[in-house]
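Subject: Structure handover

Dear colleague,

The structure you asked about follows below. After it come my notes on what I found.

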Amino acid sequence: MSTSLTKKGLVTAADKYIIAARPALEIIKNFTTNFSSEAVKPGTGVVVDVVKAAAETFVKDTANYTHVTNTCKPVTVAADIRKKSTFSLDDLDCIEDETAAALAGNAVAAGRSVGIELVKSVTAKLTYTNRLAALTLTGSTLADFFKLRGGVEKGSSGTWDGFDPASCVLLLEPDTYSTLCSVLNAGIVGDGSVVRGAIIGQALGFKAVYSAPTITTVSGTSSGTDVTKGKGFIVPDNAIAVVNRVVKPAKGVAGNLIEYGEYTDEVSGITITQRVVLDASNGEVFWTTEGLFGSKLTREVASGTANGAPGYLQIVVS
């Protein structure tokens, strides 16, 4: 844990907040990320490098040590997702108390709510209109799910090159995710007390598999039966860029601000901030946790040159 908070109650609350948000952060950290406690104005573009690597056979004079095989091209992601959760505090002393019940429950609720909004902001970028291609899930057996892995690795001639499944995250709508879990060994799925996305993913040869209730199920058209045919997405780690920054209070102006501090999660690297402000005229105190994020599909063409980002696939049923 890294924090600039000074009040014991707020430090403890920040820890509970992050733990509650971690299921969401667990999903987000699998993509290309640029997390920092650097302060920026909301809406500011953050440059994220998209890396594409390839291997070639050494050939003297042509494919030698000075022949470049890899690219690193930037994509600018706007830090335009500003989410905060605010509670009123009946007792100002609780920010000094690490056992304060008033902050404990609030922190958990705030962490969950902001975490959900972060996932929504990322998965909303995944649509059938922007997909690179579609793979059909032909049934509900374990073999059918393994076929998805084969399709990812093989690719489609003339349409897209295969991806390394070990670099791909599966985001499945809840019913499809539950079907997958039902055909897996119970030791892989776990008891629900911890996030098992990476372990389930490894069982199928993917980087991770998660239930994503916020993804679209639309596939092909916006009406008719196709609105339920989308079952998820297969997302390589370079297909989405996610950024995280902080919003700091104005320097040298105290005003009604009692406390401000930052908290960095050691697992995901995400930084959130906390503020406690006083409304002296009404005798009220307000505690806010806040996160500033941004997300963007990385597959785009700049000045007529593709940036090497992979795109993503949609999982559909026939």
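Phenylalanine 87 is partly exposed, its relative accessible area being 24%; that value lies above the 20% under which a residue counts as buried. Please keep in mind that the model is predicted. There are four aromatic pairs in it. In one of them, phenylalanine 87 is stacked with tryptophan 287, with 6.2 Å from centre to centre and 20° between the planes. This pair links distant parts of the chain, since phenylalanine 87 belongs to strand β5 and tryptophan 287 to strand β13, 200 residues apart. Tryptophan 287 is buried, at a relative accessible area of 1%.

Another of the pairs consists of phenylalanine 233 and tyrosine 312, whose ring centres are 5.6 Å apart. Their planes stand at 70°, so the pair is edge-to-face. Here too distant parts of the chain are linked: phenylalanine 233 is in strand β9, while tyrosine 312 is in the loop between β15 (305–306) and β16 (313–316), 79 residues apart. Phenylalanine 233 is buried at 0% relative accessibility, and tyrosine 312 is buried at 2%.

Next, the salt bridges. The structure has 11 of them. One joins glutamate 290 to arginine 82, with 2.4 Å between the closest N and O atoms. Glutamate 290 lies in strand β13 (residues 284–297) and arginine 82 in strand β5 (residues 81–89), so that the bridge spans distant parts of the chain, 208 residues apart. Strands β5 and β13 also hold the two partners of the stacked pair described above. Glutamate 290 counts as buried, with 8% relative accessibility, whereas arginine 82 is partly exposed at 44%.

Within helix α3 (residues 142–154), aspartate 144 and lysine 147 are three residues apart, about one turn of the helix. They form a salt bridge whose closest N and O atoms are 3.9 Å apart. Aspartate 144 is buried at 10% relative accessible area, but lysine 147 is exposed at 54%.

A further salt bridge connects aspartate 226 with lysine 229, the closest N and O atoms being 3.6 Å apart. Lysine 229 is partly exposed at 24% relative accessibility. Elsewhere, Lys83, Glu117 and Lys120 are joined into one network by salt bridges that share partners.

Aspartate 226 also appears among the contacts of glycine 220, which touches Tyr128, Arg131 and Asp226 when residues up to four places away in sequence are not counted. Glycine 220 sits in the loop between β8 (208–211) and β9 (230–236) and is partly exposed, with 40% relative accessible area. Its C-alpha atom is 9.9 Å from that of alanine 134, although glycine 220 and alanine 134 are 86 residues apart along the chain.

Finally, the sheet to which β8 and β9 belong. It is open, has five strands in the order β6-β16-β9-β7-β8, and its pairing is mixed. Which strands stand at the edges? They are β6 (133–136) and β8; each has a single partner strand, so one side of each lacks a neighbour in the sheet. From one strand to the next, the twist averages 25°. Strand β7 (residues 168–172) runs parallel to β8, and four bridges join them. Leucine 171 is opposite tyrosine 210 in β8. Helix α4 (residues 174–182) packs on this sheet, where it touches β7, β8 and β9. The direction of helix α4 makes about 125° with that of β8.

Regards

How values were computed:
Residues numbered from 1 in each chain as written. Predicted model: local features only at pLDDT ≥ 70, side-chain atom pairs only at ≥ 80, totals over all residues. Heavy atoms only, no water. Salt bridge = Lys/Arg side-chain N within 4 Å of Asp/Glu carboxyl O. Helix = DSSP H or I, 4+ residues; strand = E, 2+ residues; numbered from the N terminus. Buried < 20%, exposed > 50% of the residue type's maximum accessible area, 1.4 Å probe, protein only. Contact = heavy atoms within 4.5 Å. Pairing = 2+ DSSP bridges. Axes fitted to C-alpha atoms, helices over the stretch in contact; angles between N-to-C directions. Phe/Tyr/Trp six-rings, centres within 6.5 Å; stacked < 30°, edge-to-face > 60°.
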